[in-house]
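Colleague: Could you walk me through how to read a protein–DNA surface and a pair of chain copies? I'd like the general idea before each case.

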There are 2 protein chains.
Amino acid sequence: MTVTIYDVAREANVSMATVSRVVNGNPNVKPATRKRVKEAIEKLGYRPNAVARGLASKKTTTVGVIIPDISKGFYAELARGISDIATMYEYNIILSNSDQSEDKEIRLIETMLGKQVDGMVIMSDQISPGLREEISRSTVPVVLAGTVDETGLIPSVNIDYREAAREAVSRLLKNGHEEVALVTGPLDTTINRDHLLEGYKDALKDGGVGFDEGLVFEVEDSYDAALEAWHATDRRPTAVFAGSDELAIGVIHGVMDAGQSVPDNVEVVAFENTKLARMVRPRLTSVVLPLYDIGAVAMRLLTKYMSNEEAGDPAFILPHRMEVRESAKFDD
Amino acid sequence: MTVTIYDVAREANVSMATVSRVVNGNPNVKPATRKRVKEAIEKLGYRPNAVARGLASKKTTTVGVIIPDISKGFYAELARGISDIATMYEYNIILSNSDQSEDKEIRLIETMLGKQVDGMVIMSDQISPGLREEISRSTVPVVLAGTVDETGLIPSVNIDYREAAREAVSRLLKNGHEEVALVTGPLDTTINRDHLLEGYKDALKDGGVGFDEGLVFEVEDSYDAALEAWHATDRRPTAVFAGSDELAIGVIHGVMDAGQSVPDNVEVVAFENTKLARMVRPRLTSVVLPLYDIGAVAMRLLTKYMSNEEAGDPAFILPHRMEVRESAKFDD
DNA sequence: GTGAAAGCGCTAACAT
DNA sequence: ATGTTAGCGCTTTCAC
C-alpha cells in the first residue's frame, strides 16, 4: 500500500542506500543512476516518510511553539514572524496554546520534547521559576519571543520596553502636562511591572514630577476594562500612556463619554501599534512594537542554536520607534 | 544519553513489552510490576519517543492545519477553536500559512503527509481545482473549516452565509431604505461571490427592489479600502451591508467624514462580529460568525473521521444570529 | 559510485 | 500476566 524506499530501489535496480542518497541530494551518485532513481520515484509516487527519517537521523525538522493565545492579535503577529522564518529554513511548527498556565506550559514542553522537536520558541507573560527550570532542563535549544526572562540566561528577543515607555511618557511631559496617567494591564506580568511601570517612573523622575499612585490604573488588558476605569475614576489626568492599543481606545472613548476630546483635553499615547491604531478617530499615536520582527528574529536565532552556530548575546534587543498620529500633539 | 524503553525494562527487571504496556495504560499488568516500572521510569526520567512510536504504530497523534494567514483575526479565531479541540483529543497541531497560494497549499499538504499527520484541517478562501484534486488524493481525512467546497464532496463546517446575508439585508430593507449598498471584499472568493452577494440579491428580490450594480462596492478586505471607497463614490446609499467588521468601520468613518451620522443618515450592518464590533462608536450591529465554533466543530469532525466513526452529512452547517447594537436601527 | 547491514526506539502479534 | 520477536522506513557507517 505505502511505497517505501525498498520499492523504489527494486524498481530502479539499485540498493536502498542509493535511493536514500538521491533523495537527500548526496552528490556521490552517477548522473545516470540518479536519473533512473528519480524516474522510479516519480513512477511509484514515492514520498519519503519523515517519521522514519526522524527516527534514524534524530532530527525532525520541526520546532515547537508555545504561545499564550493564538487568537490574540499580539501573539498571532509574533507567530506569523516565527512561522515565516521557520518555513524559510524548512522547519515545520507544532503550535500550542498555553493560556499562560504554568502547568500547561510545562506539560506542552514535555510533549514537544517527546515528539522530538529540534528546538522551541516560547512566549509567556511571565517566566515562572518552574517554567524556567523546565526550559533549562530542555535537551534542545529554546528561544523566548517577546518574553523577558529576568535572569537573562534564556536566549530571548525583545525591544527595550522600559526605555520605550520612558520616551513616550517624557514626550507627554514635555507638552506641559502635570498629570500623566498610566493605564496598564495586570502588573503581575514582567513587561508591565518591570518595564512599562518603571519606564513611566523613569520619565517622571527625569521630568521632576512626583509619582502619584492614583494615576496608575491597573486593569484587565481589554477595551472594556479601560473604558470602565475611566468612567469610574474622578481623577482627570490630561495625558495618558496606555499599555496597549486596546487600552488606549478604551481611554479615548471614556474621554469622549465624559464630553471631552482627544487630544485637546486629553492626550493619549498607546503601546503596540496594531492595525487598530488607524481604525479609531482620532487615530492612535503609538509606540511601535515590532511583533512580526521579534518572532522572525527569535526563530532565526533558534536556527543558529539548532545548528550549533555562534549566536552572540542571548538577550537580543530590537530597536523601537513611535508612530505619531492624532491622539497626542507631537510634532514629528 | 537518551533513556529508552530498554533501560527502563532492565531497571525494573521486566521486558520492554511490559514497560510498553504500562506506558500505554494496558490493564494486563500486575499492580506490583506496574509500580516497579513506574518507579524505574521516574528514576531514569524516561520519556517515550513519539517518533519511534509513530513509526511503529503508524499513528502520530498530530494533525496538519493549513491556514491562509494566522495573523488575521478571522483565521486566528478559527485556529484557536481547532487547537482547543485538538488538545482535548490529545492531538498536536502542525500549523502552516498558505497565503492563499495554491502552490503553497499543495506543497504544504505534501510535506504534512510526509510527516505522517493523522488528518488535516484546511482553510482557504477558494478551493481551486488543483487543491481539490490534491485533497481528494490525500491518504488521511481532511476537513474544511470556514471554507466552502462548491462540489460539497469534501467534509466542511460553515454557517449558511447566503441566508445570513439575506436576513441582514432584508432587515435593512424593512427599515424603508431604497438604496442598500453591499461593501464586500474581493468577489473572487467563494463566500463573497456565491454567498454574500447572492444573499444580498435574494433580499433585494424578496423586497421587490431592483439590483443596482453601482451599489456593490468590491474592495480589498481592509478598513482603508472601505474608507476610500466611500470617499470616492458619489452614490449616497442610506444603508450598507458590509462583508466584515473592518469594512463596516471603514464605511462608518467614511460616513462621518462626509459630515453625516451612523445610524441616523446611514445604517450599517456588519458581518463577523469580532471584538472590534464593540470598539467603534457607534458600535456595530453585526451578523455573528461563530469562528471559534466552526474551528472546534471541524476538528471534532476530523477526530471522528480519524477513528472511522460515522460522521453524518459532510457539509456541516452551524446556526448563525445577529448581534444588534447601534450602527443600525433594529429593535431587538 | 554503490551495496550490505546495523541500528533508531517503539508497537504488536504471538508465545508461554 | 509477561516475554520474544519481528518489523515500522529510513540514515549511516563500513566495505568493496
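Modeller: Happy to! A residue is near a strand if one of its heavy atoms lies within 4 Å of it. Keep in mind that this is a predicted model.

Colleague: Which helix gives the most to the surface near DNA strand C?

Modeller: That is α4(B), with four residues. Helices that each supply at least two residues there include α2 (16–23) of chain A and α1 (5–12) of chain B. In total, 26 residues surround DNA strand C, and A:R21, A:K30, A:T33, B:I5 and B:Y46 are the closest. Sugar and phosphate make up 63% of the strand's atoms that come within 4 Å of the protein.

Colleague: How many residues of that surface are nonpolar, polar and charged?

Modeller: Twelve are nonpolar, ten polar and four charged.

Colleague: And which atoms lie 2.5 Å from a phosphate oxygen of DNA strand C?

Modeller: For B:I5 it is a polar backbone atom, while for B:Y46 it is a polar side-chain atom. In chain A, an N or O atom in the side chain of A:T18 is 2.7 Å from a phosphate oxygen of the strand.

Colleague: Now the copies. What rotation superposes chain B on chain A?

Modeller: In general, two copies of a chain are related by a rotation about an axis and a shift along it. Here the rotation is 180° with 0.1 Å of shift, giving an RMSD of 0.2 Å. That is the relation of a two-fold axis. Within chain B, the C-alpha of B:I94 comes closest to the axis, at 2.3 Å.

Colleague: Why do we say that the copies meet through the same surface?

Modeller: Because 100% of the interface residues of chain B are also interface residues in chain A.

Note on methods: Residues are numbered from 1 along each chain as its sequence is written. Chains are lettered from A and ligands numbered from 1 in the order in which they are written. This is a predicted model: local features need pLDDT of at least 70, side-chain atom pairs count only at pLDDT 80 or more; totals for chains, interfaces and linings use all residues. Side-chain values use heavy atoms; hydrogens and water are left out. A polar contact is a pair of N or O atoms within 3.5 Å; within protein, one must be able to donate a hydrogen and the other to accept it, and residues adjacent in sequence count only if both atoms are side-chain atoms. Ala, Val, Leu, Ile, Met, Phe, Trp, Tyr, Cys and Pro count as nonpolar, Asp, Glu, Lys and Arg as charged, and the others, Gly among them, as polar. Copies are superposed by least squares on the C-alpha atoms of residues with pLDDT of at least 70 in both. Contact means heavy atoms within 4.5 Å.
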